[in-house]
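Trainee: I am new to this structure and would like a close look at a single part. Could you pick one spot and walk me outward from there?

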Amino acid sequence: MSFTGQSATGPEESTARPAAASQRGLRRAVVVGGNRIPFARTGGAYTKSSNQDMLTTALDGLIARFGLQDERIGEVAAGAVLKHSRDFNLTREAVLGSALSAETPAYDLQQACATGLETVLGLSNKIRLGQIDSAIAGGVDSASDAPIAVSEGLREVLLDLNRAKTLPQRLRVLSRLRPKDLAPDAPNTGEPRTGLSMGEHQALTTAQWKITREAQDELAYNSHRNLAAAYDAGFFDDLLTPYRGLSRDSNLRADTTLEKLATLKPVFGKNLGAEATMTAGNSTPLTDGASTVLLASEEWADAHELPKLAAVIDGEAAAVDFVHGKDGLLMAPAFAVPRLLARNGLTLDDIDFFEIHEAFAGTVLSTLAAWEDEEFGRTRLGLEGALGSIDRSKLNVNGSSLAAGHPFAATGGRIVATLAKMLCEKGQVDGRPARGLISICAAGGQGVVAILEAL
Amino acid sequence: MTDKYTQFVSRGIGKDVARKLGLPQPAVLRRYQPGQPLVPGPVLVQGTSTGADELAPALLSWDLDVRRHAVPREKLGAIILVLDELDGPEDLERPVLAAAASVRDLATGARVVTVSLTPASAPGPAAAAARQGVDGLLRSLAKELRAGATANGIMLADGVTTTSPSTLAALRFFLSGRSAFVDGQLLTVTSDEGKLPADPEKPLAGKVAVVTGAARGIGAAIARTLHRDGAILVVVDVPAAGDHLAAVANEVKGTALQLDITREDAGRRIIDHAVARHGRLDIVVHNAGITRDKLLANMDQGRWSSVIGVNIEAQLRINEALLASEHFRKSPRIVSVASTSGIAGNRGQTNYAASKGGVMGMVRATAPLLADHHGSINAVAPGFIETEMTARIPFATREIARRLNSLQQGGQPGDVAEAIAFLASDAAGGISGEVLRVCGQNLVGA
């Protein structure tokens, strides 16, 4: 793989490189708090809700929690993966519909499932550079209210029709129309270059890393159990605002058991020859929802008498060549994390909370397996051996996407706010600030990862 | 805002029909709007005592047109009947009959306010009889007034004069549109405490106020009214009501705190939030409450314990935290929402009435505990109020319930909020341990 040699950072190289950005005299960007609406399974409570309405609601809940009415925020960035063309200015429109000052600028960003985390990293960097003092990052997605496009054939005909000047010209254009052109073009999660769905791609990776059905079901079970326990403890009381009658994520099954999960039939990887292991229980369903995160400089947070939960330390993006089968579609974080750790002089042992987005249970387990693999560490990461293994009790301790659901662009905001609160509650570990790692895989073979630290 | 029947009989053909058929003719009440005159006409101060002589000039500073003698056939905005020198029942006759001559001249939405001394501190049986007599007189007069006019009384405890801060504050409240749905009530000024506001339109300027159960109904109205009067708001409700709560918080430009008040640490979390976000805590309004109605014979443990838990136990626990906190010591104010059910009882509401009776008991017993810090605690007991909750009562029952008071209509959530805002103000510091009813003088249960 061409980029591993250039970008993966070996131990020698890391000592030669400058210290992490946080140590280079930049000011800190802190997470003040977050707000999201409960996530709803597609076709459920939010079937009639638009992205703009959900994002505006999530913003208004954040404004209410932190008293930001009429406040001019430095910048708001959010995005959606499934986006109507009319929503070209989605985030700015949500800001205008919210209780924020109308003088708050905003922009849309899109990096598939990494959208939410990338808005946090981009805005944090602006804060650290002193370009802005406050920011709101976020994301929203609705698979219920997804855009449906007209077919390419019909689109060309309509555009040509608009350009035609005379009646004969118009008739000639119309005569090109065929019945199949009238079929609408619905969005799907298939990769344009392989035609495979995300689930089928992951099934290849799951099989490659020999991840068992039992291990995947156990991860899904823990996700539901942990998320339900966090709700019961009131952990989400200041992270979430109800919406359309939901006050918890509708995908959460507090009473699920390993036995129940074991009864589900596989849905992906049924034609691979190997045993199919991926079910609806250990894969995330399509989900609707929105999330927001309030970021600020320490000075701004203090001046506004607002809490400072955690600092955004550093982030890293990676991509893999899944098209030619070199790596699995969702394996980019396996490369991004070692690079990020090395740049910050850290190892997996220095992390107190791992937030690894559960696109599929197999994704998390394949990534962990890769890090534990000697050969992968040597040949792909340029290390002397395996990157290492993690203490599973530190993984997704308040649940993750398998239980909460995964409205693509909203997942990053959910994880950042959740982790920041956990870090704040944890405080210090062995005389240093508690540290958390976020890892999010994304379509197109991409991944974005980040480190947060308690203050 | 006013119910449809009241609108119908207030003008045109509806007015004629109602009069000919002898149907109730509720008036459209005079409600407070910032900037409006305090009363709809001149104020007659009736009484010859020193207290009356001292009170009249104090009223001039409110830009009122004050009369010491009635001008025949002049429409009056209010009659203030000062009865603070009664040695026996015979002393009632002269001032009362003098005022009687002016009752017909009261304007629409006018006010009668008596100022007298509490019977409890009377020097002997004759004086006590006269003072208690004011109570019966006032309540009866309230039932005789028409066209949205109300009558209320202020009773002065030992050491309180007609110009004490809270006497003037109570008088201003009763004269204004803020007391639109308060009728036939006597409020005791218990001490000389209290401080009149720099700006009477912003009596809560700079105060940080917490309102529980603020997501909707009366709680949301309280938040809006306190905000209008200048307070900075922390609105509290259960996490499941968070969407409505966020809307209220954004409307009143405050902060939302999603919190179940029955949690063990609710008091600490409320104090922490107010102090961390707003630097202080001055006012706590215990409004959150639930009903789980059932005849006592059919009552179950769940209905009983949940109502007692939310409506009174949570308030007691939160008050304990407030009383122990160093952040709640600068003339703090607590106002609890009780209910006329807790006074007169209500079929099917043994649990609710027990909890609301409990609130009144708590308020009385907590007042001395706050006195050291110039604090006060009071309760407001609403009668029939037009809310989403009462809108669900079947039509006939609701129609009877809302007409059974001297004003022949239900109150608005804002009417309850006005009474709470008044008791939460610095000026009301001399009123503590009291219960003020906002019920339009409910005919049942005194």
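**A loop residue and what surrounds it**

Mentor: Happy to! Let us start in the loop between β4 (106-108) and α5 (115-129) of chain A, where A:A112 is found. Keep in mind as you look that this is a predicted model.

Is A:A112 buried or exposed? A:A112 has 21 C-beta neighbours inside 10 Å, so it counts as buried; the cut-off for that is 20 or more. Which residues does A:A112 touch, leaving aside those up to four places away in sequence? They are A:V81, A:F408, A:A442, A:A443, A:G444 and A:Q446. Take A:Q446 from that list: along the chain A:A112 and A:Q446 are 334 residues apart, yet their C-alpha atoms are separated by 8.6 Å.

Another name in that list, A:A442, leads us on to a strand, since β13 of chain A covers residues 435-442. Strand β13(A) runs parallel to strand β10 (residues 353-356) of chain A, and four bridges join the two. Within this pair, A:S439 in β13(A) stands opposite A:I356. Now look at the two faces of β10(A), both of which are covered. On one side you find A:F353 and A:E355, on the other A:F354 and A:I356, and all of these are buried.

Staying in chain A, let us turn to a pair of helices. Two packed helices are described by the angle between their axes and the distance between the axes. For helix α3 (residues 51-66) and helix α4 (residues 90-97) of chain A, the axes come within 9 Å and cross at roughly 55 degrees. That angle is why α3(A) is called oblique to α4(A). The crossing of these helices, α3(A) and α4(A), is right-handed. Where do they meet? From α3(A) come A:N51, A:Q52, A:L55, A:T56 and A:L59, and from α4(A) come A:L90, A:E93, A:A94 and A:G97. Sorted by class, this contact of α3(A) with α4(A) has four nonpolar, four polar and one charged residues.

Follow the chain into the loop between α3 and β3 (75-78) of chain A, and you come to A:D70. The phi of A:D70 is near 65 degrees, a positive value in a residue other than glycine. A:D70 has 14 other C-beta atoms within 10 Å, so it is partly exposed. Chain B offers a companion example in B:Q441, whose phi is near 60 degrees, again a positive value in a residue other than glycine. B:Q441 lies in the segment after β13 (435-438) of chain B. With 23 other C-beta atoms within 10 Å, B:Q441 is buried.

Finally, how do the two chains come together? On the chain B side 17 residues are in contact with 16 residues of chain A. The elements giving two or more residues to that side of chain B are α8 (242-251), β9 (255-258) and α9 (266-278) of chain B. Of these, α8(B) provides the largest share, five residues. The residues on that side of chain B divide into seven nonpolar, seven polar and three charged.

To retrace the route, go back to A:A112 in its loop, move across to A:Q446, and then compare the buried faces of β10(A).

Methods: Residues numbered from 1 in each chain as written. Chains lettered and ligands numbered in written order. Predicted model: local features only at pLDDT ≥ 70, side-chain atom pairs only at ≥ 80, totals over all residues. Axes fitted to C-alpha atoms, helices over the stretch in contact; angles between N-to-C directions. Parallel < 35°, antiparallel > 145°, perpendicular 65-115°, else oblique. Left-handed = near helix turned anticlockwise from the far one by under 90°. Contact = placed C-beta atoms within 7 Å. Nonpolar A, V, L, I, M, F, W, Y, C, P; charged D, E, K, R; others polar. Buried ≥ 20, exposed ≤ 12 C-beta atoms within 10 Å, placed from the backbone. Pairing = 2+ DSSP bridges.
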